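Got a minute to look over a new model before you head back to the bench? Here's a quick briefing on how its helices pack and where its backbone does something unusual.

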Amino acid sequence: MNGGGVLLLRAARAGSRRALGALPERRLAAVGSLRRLLRTGPPCRAYAKELFLGKIEKKEVFPYPEVSLDELKDMQQFVVPVEKFFNEEVDSKKIDHDGVIPEEILTRLKQLGLFGMLIPEEYGGLGLSHIMYARLGEILSQDGAIAVTLAAHQAIGLKGILLAGTEEQKAKYLPKLATGEYIAAFCLTEATSGSDAASIQTRATLSEDKKFYILNGSKIWITNGSLASIFTVFAKTELFDSDGFKRDKITAFIVERNFGGITNGKPENKLGIRGSDTCEVRFENTKVPIENVIGEVGDGFKIAMNVLNSGRFTMGSLVAGMLKKLIGMTAEYACTRKQFNRPLSEFGLIEEKFALLARKTYVMESMAYLTAGMMDSPGVPDCSMEAAMVKVFSSEASWICVSEALQIVGGLGYMKDYPYERYLRDSRILQIFEGTNEVLRMYIALTGLQHAGKVLTKTLDDLRKGNVGNAMEHLSKKLRESVRRKVDLGLTGKDGIVHPNVEESAKRLEENVYYFGKTVEVLLKRFGKTILEEQMTMKRMADIMINMYAMTAVLSRSSRSIRIGLRNYDHEVLLTNIFCTEAYFQNLYNMAQLEKYSSENLDEHIKKAARLVLETRSFPCAHPLQRLL
């Protein structure tokens, strides 16, 4: 498929759009989960935030996102040639060994339109929905270096222009970014600024004639750093506040390489994704026209966070695509390799590992496509929490699953002749980039707590103002409602929306959600604003949230699979019920720890154990062979 393949795809997509016009209104609503619809619908509640109040906003997650037959055919027009290209032309072993993606592979990626997946059609891109982008991500994951190169280009590199650029900026830059004539890079991280993006030191100073910003500073670990023609750069600029004082605010800029004053460091020698281009990028007196400011001067931090928040959901489909291939390879080995006159596949501990691989893959895939469907729907709420949860779950599950697959094949998996060790190395970065999992857990908990805090303000104000009578009446009412209550949040029963085959798991989710809402209220009353300093408490809350969102995703997906009779839907039921049971008990444990005061739970003991290690900067325990002196 050459460059004309992109035209074929666009023609196919245009045909499917014409076909949509003949569909009845109800069918169009289902197709809407895939299309990039205008955000004209009424505002709706964000699903994840409402969980902090013990509520399930069912309409946001049930039924599971649907796609029409026309859309599936449309999708297949693109999936088949891309899959064929990766299977027949991409040599991942060579890319990993050489530490570079060959120029001919980059050229083919451009011809296939893969540099313009998220760019609207009016600017020469493919204008894919989030669901279709996730589907292609499954294929791109066959080579980690290529997946990262494409994601750095469009999921973050040019995303600031899409989200906050002017019409002039979009018309100028997006067409060439769509074809890959320009490759984009996202420049935020610095030597002294990682997760703390607000502490960047790169500075942009307004020229005397006020026509340019003069950019100086350096950015590290920049993917596509030496390939890029266009950089989204974040730098500090001086602004006057309302009181007339100068303040440093972060501003986002579109910076062209041909502006001058841009140099690259040597390629980084990385553990994994070795074929992707990563280097330091330095800016020395680079003149950036004022019309290349993205958004407003001083809005850079918000733009950076919006860019990062919008792309994390794809982690689930990327990892699921990789793991599906890994499961097939590993199952083939386990079924043919014999030990003690029996295939490995017949041993219970090996079966346990395959159940884990299938379960984790099913969960992350379910979360990714549920989130994509929410992002594609009309009246879409802010899905940054959901996307963050997909990223955390998938990145950690990836590391566990690849390690277990390598364990199944034993010493063979440790050898470079086989892809297991490469998958393991490539997977490790997933917990670090696009927001470390530690920071994202704090983000998940903080965002939910802020939402709950606003709703619960009246009760908290009563407590603070000393209106103990009102507060205690409220608490007593809540307590009476809670004791021996049969939790029913509308998922099960006669009017329930989950299938009876997964009803028990749905009841467990309802119970978790209800009591989590009570726990959040208790914690807000206990800690108030100081809860921000209770990082282990926030981590437990985030872990409960991730589990509950994952439970929601598999319940919604498996219910749909049963009702429309998908093949092996009974296997989906098994995976759903196993996962929900595990998650339910993990949540109960975490909530039990949260309900205890710090002196009674494990967190203080954990912190105390860590402090001595940090104070001595060593392992402080005496050697087992040491004698008492």
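What follows is a short tour, from the whole chain down to single residues.

Keep in mind that this is a predicted model. The protein chain has 629 residues, and 52% of them are buried. Its secondary structure comes to 23 helices and 10 strands. If you look at contacts between residues at least 6 apart in sequence, 76% of them join residues at least 24 apart.

**Helix α13 and its two partners**

- Start with α13 (residues 314–336) and α15 (residues 384–409), whose axes come within 10 Å and cross at roughly 15°. Angles under 35 degrees count as roughly parallel, and α13 and α15 are therefore roughly parallel to each other. Their crossing is left-handed.
- On the α13 side, the residues that meet α15 include Met315, Val319, Met322, Leu326 and Tyr333. From α15, the residues that meet α13 include Val390, Lys391, Ser394, Cys401 and Ile408.
- Sorted by class, the α13 and α15 contact has 13 nonpolar, 5 polar and 1 charged residues.
- Now turn to α14 (residues 348–376). The axes of α13 and α14 come within 9 Å and cross at roughly 160°, so α13 is roughly antiparallel to α14. This crossing is left-handed too.
- For the α13 and α14 contact, α13 brings residues including Ser317, Ala320, Lys324, Ile327 and Ala331. From α14 come residues including Ile350, Phe354, Leu357, Met364 and Tyr369.
- By class, this contact has 13 nonpolar, 4 polar and 2 charged residues.
- Val319 of α13 is in the contact with α15 and also in the contact with α14. You can say the same of Leu323, which meets α15 and takes part in the contact with α14.

**Helix α8 against α14**

- Helix α14 also packs with α8 (residues 130–140): the two axes come within 8 Å and cross at roughly 150°. That makes α8 roughly antiparallel to α14.
- His130, Ile131, Ala134, Arg135 and Glu138 are the α8 residues here, and they meet Glu365, Tyr369, Ala372, Gly373, Met375 and Asp376 in α14.
- This contact divides into 5 nonpolar, 2 polar and 4 charged residues.
- Two α14 residues turn up again: Glu365 and Tyr369 meet α8, and both are also in the contact with α13.

**Helix α7: a buried face and an exposed side**

- Which residues of α7 (residues 103–111) are buried? They are Ile105, Leu106, Arg108 and Leu109, so an arginine is on the list.
- Looking down the axis of α7, you'd find these buried residues within an arc of 160°, so they line one face of the helix.
- That fits the usual pattern: an α-helix has 3.6 residues a turn, so residues three or four places apart point the same way.
- Over on the other side of α7, Glu103 and Glu104 are exposed.
- The cover over the buried residues of α7 includes α5 (69–89) and α9 (144–157).
- Just after α7, glycine 113 takes a positive phi of about 85°.

**Methionine 442**

- You'll find methionine 442 in helix α17 (residues 437–455).
- Is methionine 442 buried or exposed? Its relative accessible area is 19%; the cut-off for buried is under 20%, so methionine 442 counts as buried.
- Setting aside neighbours within four places in sequence, methionine 442 is in contact with Gln535, Met538 and Lys539.
- Alanine 542 is 100 residues away along the chain, yet its C-alpha atom is separated from that of methionine 442 by 7.3 Å.

**Backbone spots to check**

- A cis peptide bond joins phenylalanine 62 and proline 63, with omega at about -5°. Proline 63 is in the loop between α4 (58–61) and α5.
- Lysine 210 isn't a glycine, but it has a positive phi of about 60°. This lysine 210 is in the loop between β2 (203–206) and β3 (212–223), and it is exposed, at 56% relative accessible area.
- Tryptophan 221 isn't a glycine either, and its phi is positive at about 55°. Tryptophan 221 is in strand β3 and counts as exposed, with 57% relative accessibility.

Note on methods:
Residues are numbered from 1 along each chain as its sequence is written. This is a predicted model: local features need pLDDT of at least 70, side-chain atom pairs count only at pLDDT 80 or more; totals for chains, interfaces and linings use all residues. Side-chain values use heavy atoms; hydrogens and water are left out. Axes are lines fitted to C-alpha atoms, for helices over the stretch in contact, and angles run from 0 to 180 degrees between N-to-C directions. Helices (H or I, at least four residues) and strands (E, at least two) are DSSP runs, numbered from the N terminus. Angles under 35 degrees count as roughly parallel, over 145 as roughly antiparallel, 65 to 115 as roughly perpendicular and the rest as oblique. A crossing is left-handed if the near helix is turned anticlockwise from the far one by less than a right angle, and right-handed if clockwise. Contact means heavy atoms within 4.5 Å. Ala, Val, Leu, Ile, Met, Phe, Trp, Tyr, Cys and Pro count as nonpolar, Asp, Glu, Lys and Arg as charged, and the others, Gly among them, as polar. Buried means under 20% relative accessible area, exposed over 50%, partly exposed in between (1.4 Å probe, protein chains only). The arc is that of the directions from the helix axis to the C-beta atoms.
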